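Reader: Hello! Could you walk me through the metal sites and the core of this protein?

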Amino acid sequence: MKKVGRDRRKKMIIKQYEVGNFAVFCYLIGDEETKEGLFIDPADDADFLLSEAKSQGVNKIKYIVNTHAHVDHIMGNSTMAKKTRAKIVIHEEDAPFLTRTPSDLLEMFRAASSPPADLQVKDGDTIQVGKLGLKVLHTPGHSPGGMSLYVDGMVFTGDSLFVGSVGRTDFPGSSWDELETSIRKKLYVLPGETIVFPGHNYGPKPSSTIQYEKRHNPFVRG
Ligand SMILES: [Zn+2]
Ligand SMILES: [Zn+2]
């Protein structure tokens, strides 16, 4: 984890965990004051994630936020929702796919299908935990309702932007043009020092910055 130095960030808990067999990065975001938190893409290892949340002092998981509806990101929803009663949050354009994972994919991933979304969000919405607000950035292209989440100098990019790479666009509903536009118009416009936290551990390091990706990402240069 990167140490975050500015005082205004001190009341925030941000932890990155690689879970399951598909190098998915799950994130715990918590408000130290109210002890409320959320998970972004808690795809596997629910008991481990919950013990980590507890050890960070987060005693109430309010939301399970999915960056998009692909099986590798949503396969932990059912277990996590049962254990926490957290509400499942996803972008409105991926919400229909949340409960429609094809059975052959569920078998291949040995995954349970997700319960339906409790909350559907769209670009510009804010997901609130305690005093923290995560801003929804709709970043379609890898999937129609792919979203990134911005909070206080950090952006969680799901499968839209990886460290040194970008999400695949050969799935049904994917579009390279849309993905490139999302990266340029929604992500590369963020301040250069914004820390990029991706949805998979696919790069040479677990996080990056907007400025680094603009200069070095071989797929989309800014
Ligand atoms: Zn995906
Ligand atoms: Zn993925």
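Author: Happy to. A donor here is an N, O or S atom within 2.8 Å of the metal, and water is not among the atoms, so sites may look incomplete. Please keep in mind that this is a predicted model.

Reader: Which residues coordinate the zinc ion (ligand 1)?

Author: The coordinating atoms lie at 2.1 to 2.4 Å. Along the sequence, the donor residues are spaced H-x1-H-x71-H-x16-D. The residues are H68 (NE2), H70 (ND1), H142 (NE2) and D159 (OD).

Reader: What is the geometry at the site of the zinc ion (ligand 1)?

Author: Four donors count as tetrahedral if all angles lie between 85 and 135 degrees. Among the four donor atoms of the zinc ion (ligand 1), the angles run from 88 to 174°. The site is irregular.

Reader: And which protein donors does the zinc ion (ligand 2) have?

Author: They lie 2.0 to 2.3 Å from the ion, and their spacing along the chain is D-H-x85-D-x40-H. The donors are D72 (OD), H73 (NE2), D159 (OD) and H200 (NE2).

Reader: Why is the arrangement around the zinc ion (ligand 2) irregular?

Author: The tetrahedral class needs all angles between 85 and 135 degrees. The arrangement is irregular because the four donor atoms around the zinc ion (ligand 2) subtend angles of 87 to 154°.

Reader: How many residues apart in sequence are the parts that D72 and D159 tie together?

Author: D159 bridges the zinc ion (ligand 2) and the zinc ion (ligand 1), which lie 3.4 Å apart. D72 is in helix 2 (residues 71-74), while D159 sits in the loop between strand 10 and strand 11, so the pair ties together parts separated in sequence by 87 residues.

Reader: Are D72 and D159 buried or exposed?

Author: Buried means under 20% relative accessible area. H142, another donor to the zinc ion (ligand 1), is buried. As for D72 and D159, both are buried.

Reader: Turning to the interior, which residues have the most contacts inside the largest nonpolar core?

Author: This core has 28 residues. Among the elements that each supply at least two of its residues are strand 1 (12-19), strand 2 (24-31) and helix 1 (46-55). Those with the most contacts inside the core are V19, L28, F39, L49 and I61.

Reader: Which residues does F39 touch, leaving aside those up to four places away in sequence?

Author: F39 is one of the residues with the most contacts inside the largest nonpolar core. Its partners are C26, Y27, L28, L49, L50, A53, I61, Y63, I64, V65 and M80.

Conventions
Residues are numbered from 1 along each chain as its sequence is written. Chains are lettered from A and ligands numbered from 1 in the order in which they are written. This is a predicted model: local features need pLDDT of at least 70, side-chain atom pairs count only at pLDDT 80 or more; totals for chains, interfaces and linings use all residues. Side-chain values use heavy atoms; hydrogens and water are left out. Donors are N, O and S atoms within 2.8 Å of the metal (3.2 Å for Na, K and Ca); water is not among the atoms, so sites may look incomplete. Four donors count as tetrahedral if all angles lie between 85 and 135 degrees; four count as square planar and six as octahedral if opposite donors are over 155 degrees apart and all others between 65 and 115; anything else is irregular. Buried means under 20% relative accessible area, exposed over 50%, partly exposed in between (1.4 Å probe, protein chains only). Helices (H or I, at least four residues) and strands (E, at least two) are DSSP runs, numbered from the N terminus. A nonpolar core is a set of buried Ala, Val, Leu, Ile, Met, Phe, Trp, Tyr and Cys residues joined through side-chain atoms within 4.5 Å. Contact means heavy atoms within 4.5 Å.
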